[in-house]
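This report looks at how two chains are arranged with respect to one another and at the setting of a single residue.

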Protein chains: 2
Amino acid sequence: MKISREQVADNRRRILEAAGRLFRAKGFEAVTVADVMKAASLTHGAFYGHFNSKDDLIVQTLAHIVSAGIPEDLDLTRYATTYLSESHRDDIAGGCATAGLAGQTIHQSPEARAAMTAGLREHIERLSRSAPGATAENKRRAAIGSWAAMVGAVILARMSDDPNLSDELLAQTREWISPK
Amino acid sequence: MKISREQVADNRRRILEAAGRLFRAKGFEAVTVADVMKAASLTHGAFYGHFNSKDDLIVQTLAHIVSAGIPEDLDLTRYATTYLSESHRDDIAGGCATAGLAGQTIHQSPEARAAMTAGLREHIERLSRSAPGATAENKRRAAIGSWAAMVGAVILARMSDDPNLSDELLAQTREWISPK
DNA sequence: CGCTAAACATGATGATGATCATGATTAGTA
DNA sequence: TACTAATCATGATCATCATCATGTTTAGCG
């Protein structure tokens with residue numbers, strides 16, 4: 001059965017969406033092509049009509065996730081509060097792609113790293129605008145420092161199997177960031 | 001051929017050592033049991049005399065890495081400088097296990113997460129002692145905030161495919177941490 | 001209104017890798 | 001000095017995927 005152009009575009013979108021959630025939830029290696037296609041309500045055979053390979057899917061997915069979802073005008077303090085919330089920590093599949101996938105992307109293809117790096121650069125610039133500081137350089141420093149702490153704290157909080165320690169990591173980092 | 005007790009103990013040590021380096025360098029999934037055994041100068045068949053499974057190896061390796069190598073009396077500022085150095089960023093196989101494996105451990109067995117959490121708790125306590133701050137609570141906050149930033153910065157710096165951005169992430173985070 | 005090629009489903013194929021089975025050697029012990 | 005069991009090497013399994021091959025349907029075009 002052939003499918004309409006809109007249907008095809010929607011299928012591709014659903015595949016990328018499903019892949020994004022699954023990759024964040026389980027990591028690149030633990031997710032199979034069949035898993036992704038099933039989550040997108042398709043069969044594994046249809047996959048290669050959309051992508052050249054699983055590596056290709058990873059790159060496309062990263063580009064798709066990373067470019068979307070950054071609020072244009074964000075307040076760093078407010079953003080940090082949301083980012084370091086328990087609900088964001090618990091929403092791995094829907095949460096920040098950097099926190100969820102940066103560690104894994106280090107071992108991926110150059111293209112995948114490039115996609116993530118592009119997102120990282122943009123994110124830092126976005127944060128710099130609303131960061132505290134007199135000079136542009138100070139703002140950028142605050143943005144990078146805060147961003148590193150946010151990403152690190154969420155990763156550590158997700159890794160900890162002790163709920164109290166996990167909560168504390170988020171809370172202390174929240175406090176630690178704001179007064180600076 | 002049977003082997004002397006010391007030889008066996010040494011073999012096990014070499015397996016854990018090799019696994020530690022390989023896991024950090026390539027991630028858990030990308031490393032095969034045969035890879036590890038080869039790096040330890042043994043054949044894959046001997047593996048199951050030492051460990052029950054690959055998952056078991058992961059747990060033992062994490063416990064082994066995490067418990068070792070933390071200086072008893074460290075100065076937080078000095079430690080941060082070393083941690084956020086380019087040489088540490090580039091030494092993935094020999095560098096900090098938290099930065100190298102925390103992101104992956106989230107998706108591992110409960111035992112693996114427990115091993116990492118134990119190391120994390122100990123590390124935070126160690127850092128708290130030398131952290132700046134009037135009260136114990138302030139010291140702990142500084143330790144957690146700094147540690148989150150260090151881990152996050154190294155992960156992001158390793159992920160970036162742009163050397164300049166990577167260097168900047170380390171340098172800015174270094175500056176961002178110290179003045180507080 | 002037919003044609004053609006795209007889009008998907010189904011069912012291989014092939015490689016990889018974790019784990020097991022077997023056999024040889026010898027350290028440790030009686 | 002003989003015996004036993006531990007340790008390792010070699011060579012299977014067995015399951016899991018990524019990827020490919022083929023067939024079917026039909027959207028979109030002439």
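The account below begins with the interface, continues with symmetry, and ends with one residue of chain A.

The model is a predicted one, and in it 43 residues of chain B are in contact with 43 residues of chain A. On the side of chain B that touches chain A, at least two residues are supplied by each of helix 6 (97–105), helix 7 (110–130), helix 8 (136–159) and helix 9 (163–177) of chain B. The largest share comes from helix 8 of chain B, which provides 15 residues of that side. The residues on the side of chain B that touches chain A divide by character as the table shows.

| Class of residue, chain B side | Count |
|---|---|
| Nonpolar | 21 residues |
| Polar | eleven residues |
| Charged | eleven residues |

Chain B is superposed on chain A by a rotation of 180° with 0.0 Å of shift along the axis, and the RMSD of this superposition is 0.0 Å. Such a relation is that of a two-fold axis. Because 100% of the interface residues of chain B are also interface residues in chain A, the copies meet through the same surface.

Turning to the single residue, A:Asp35 has its place in helix 2 of chain A, which spans residues 33–39. Is A:Asp35 buried, exposed or partly exposed? A:Asp35 counts as partly exposed because it has 15 C-beta neighbours inside 10 Å, whereas 20 or more would make a residue buried and 12 or fewer would make it exposed. The C-alpha atom of A:Asp35 is separated by 15 Å from that of A:Phe51, and the two residues are 16 residues apart along the chain.

Definitions and conventions:
Residues numbered from 1 in each chain as written. Chains lettered and ligands numbered in written order. Predicted model: local features only at pLDDT ≥ 70, side-chain atom pairs only at ≥ 80, totals over all residues. Helix = DSSP H or I, 4+ residues; strand = E, 2+ residues; numbered from the N terminus. Contact = placed C-beta atoms within 7 Å. Nonpolar A, V, L, I, M, F, W, Y, C, P; charged D, E, K, R; others polar. Least-squares fit on C-alpha atoms with pLDDT ≥ 70 in both.
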